[in-house]
Amino acid sequence: MSASIAERLRAGTMLGAEGYVFELERRGYIKAGPFVPEVVLDFPDAVRQLHREFLRAGADVMVALTYYAHREKLRDVGREGDLEAMNRQAVRIAREVAREGDALVAGNVCNTWAYDPDDPSTVATVRAMYAEQLGWAAEEGVDFVISETNDYLGEALIALEVIQDLGLPAMVTMAPTQPKLTRDGYEYADACRILAAEGAQIVGLNCDRGPRTMLPLIARIRDTVECAVAVQPVPYRTDAIAPTMETLRSPDGERAFPIALDSFTCTRFDMAQFAVQARELGVNYVGICCGAGPHHVRAMAEALGRVVPASKYSPSMELHPMFRADVSAKDAAFLHSWNA
Ligand SMILES: [Zn+2]
């Protein structure tokens with residue numbers, strides 16, 4: 001029998017892989033803008049394939065692609081009638097691929113865009129959205145639930161309650177879009193402390209920030225909470241000037257988010273280094289978010305000391321005609337012009 005999330009966290013660092021929406025958008029199956037995962041119903045094989053690529057790269061969890069598959073967003077694209085089918089199918093696909101390896105299946109909810117801390121009536125709306133999505137996920141069978149990209153602690157706490165009502169373990173992560181505080185005014189570490197006190201098994205941050213600007217925040221969280229900590233940055237080179245992917249600008253000043261971020265993409269080596277740094281901080285669930293490719297995940301897995309199915313095709317640069325030690329005179333001449 002597959003080990004539970006609690007057993008896996010005790011055994012060592014878990015590896016997560018997300019960013020399904022960005023990757024499937026690049027592949028032509030999701031529309032940028034609404035970013036609704038219609039692909040789950042329209043091209044299920046595309047979803048299956050990406051799960052499989054992350055699984056082969058070493059991901060310990062197949063996250064059901066229900067990100068933005070909630071009532072508010074489906075209404076935007078005129079597919080509210082497909083809500084239940086989309087949610088159920090996403091979990092089924094994730095389960096199917098998880099069984100091809102030894103991965104867990106996570107249900108997934110995110111910020112709803114319906115929550116307003118100044119309007120108490122929105123609490124019931126948000127709770128109903130989470131309850132229907134996660135009710136279907138629980139019926140289809142998930143091992144735990146990831147509530148992510150939370151802008152508001154208040155909204156994250158609603159998700160946590162719904163997850164607990166279903167008797168499932170909860171991983172709840174905030175989106176660090178602001179310099180220090182959640183949109184409802186809590187320091188990220190305080191928000192995580194409150195989520196942990198309310199019973200979340202794993203707390204932390206995901207999305208928005210790249211490795212460099214994510215690490216200092218996650219270090220504070222690690223120092224603040226006793227429970228397991230998760231971090232899933234975006235693989236983009238954010239820095240002190242542009243600490244989030246939303247603030248990155250091209251050389252001519254254009255906003256790069258969300259579909260012109262390519263030139264800021266981290267290499268696999270950047271992400272491998274990040275995985276080691278996060279583990280050294282004591283992070284228990286190290287992953288990657290929007291922008292991720294399977295090559296990043298494999299490099300992270302290998303940096304954490306694993307050999308994964310896709311390692312069969314990991315680089316052997318000593319066999320490259322231009323890098324090998326016994327490069328012939330003819331090739332050496334070619335290489336000279338190559339290096340010039
Ligand atoms: Zn993301």
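1. Start with strand 7, residues 228-232, in this predicted model. Since 5 of its 5 residues are buried, strand 7 is largely enclosed by the rest of the structure. "Buried" here means under 20% relative accessible area.

2. Which way do the residues of strand 7 point? Ala228, Ala230 and Gln232 go one way, while Val229 and Val231 go the other, and all of them are buried. That fits a general pattern: in a regular strand, side chains alternate between the two faces of the sheet.

3. Now look at the neighbours. Strand 6 (residues 202-206) runs parallel to strand 7, and 5 bridges join the two. If you want a spot to line them up by eye, try glycine 204, which stands opposite alanine 230 of strand 7. To get from strand 6 to strand 7, the chain passes through helix 10 (residues 211-224), making a right-handed β-α-β crossover.

4. Strand 8 (residues 285-286) also pairs with strand 7, again in the parallel sense, over 2 bridges. Alanine 230 turns up here too, standing opposite tyrosine 285 of strand 8. Between strand 7 and strand 8 the chain goes through helix 11 (residues 268-281), and this β-α-β crossover is right-handed.

5. Next, the metal. Which residues are the protein donors of the zinc ion? They are Cys207, Cys289 and Cys290, each through its SG atom, lying 2.2 Å from the zinc. Along the chain, the donors follow the spacing C-x81-C-C. Cysteine 289 and cysteine 290 are both buried.

6. On to the empty space. Rolling a probe the size of a water molecule over the atoms shows where such space is left. The largest pocket has a volume of about 650 Å³. Its lining has 37 residues, and the closest to the pocket centre are Tyr67, Tyr68, Asn111, Trp113 and Thr149.

7. Where does that lining come from? Helix 2 (20-26) and strand 4 (144-150) each supply at least two residues to the lining of the largest pocket. Helix 2 gives the most, with 3 residues. By class, the lining of the largest pocket divides into 18 nonpolar, 11 polar and 8 charged residues.

8. Don't skip the second largest pocket, which holds about 270 Å³ of space. How many residues line the second largest pocket? There are 13, and Leu55, Gly58, Ala59, Asp60 and Asp102 lie nearest its centre. The lining of the second largest pocket has 6 nonpolar, 2 polar and 5 charged residues.

How values were computed:
Residues are numbered from 1 along each chain as its sequence is written. This is a predicted model: local features need pLDDT of at least 70, side-chain atom pairs count only at pLDDT 80 or more; totals for chains, interfaces and linings use all residues. Side-chain values use heavy atoms; hydrogens and water are left out. Donors are N, O and S atoms within 2.8 Å of the metal (3.2 Å for Na, K and Ca); water is not among the atoms, so sites may look incomplete. Buried means under 20% relative accessible area, exposed over 50%, partly exposed in between (1.4 Å probe, protein chains only). Helices (H or I, at least four residues) and strands (E, at least two) are DSSP runs, numbered from the N terminus. Two strands pair if DSSP finds at least two bridges between them. A crossover is right-handed if, with the strands pointing away from the viewer, the path from the first strand over the helix to the second runs clockwise. On a 1 Å grid over the protein atoms alone, a cavity is a set of points where a 1.4 Å probe fits but cannot get out, and a pocket is an open set with protein on both sides within 12 Å along at least five of seven lines; lining residues have an atom within 4 Å of a point. Grid points are joined across faces, edges and corners, and a volume is the space filled by probe spheres set on the points. Ala, Val, Leu, Ile, Met, Phe, Trp, Tyr, Cys and Pro count as nonpolar, Asp, Glu, Lys and Arg as charged, and the others, Gly among them, as polar.
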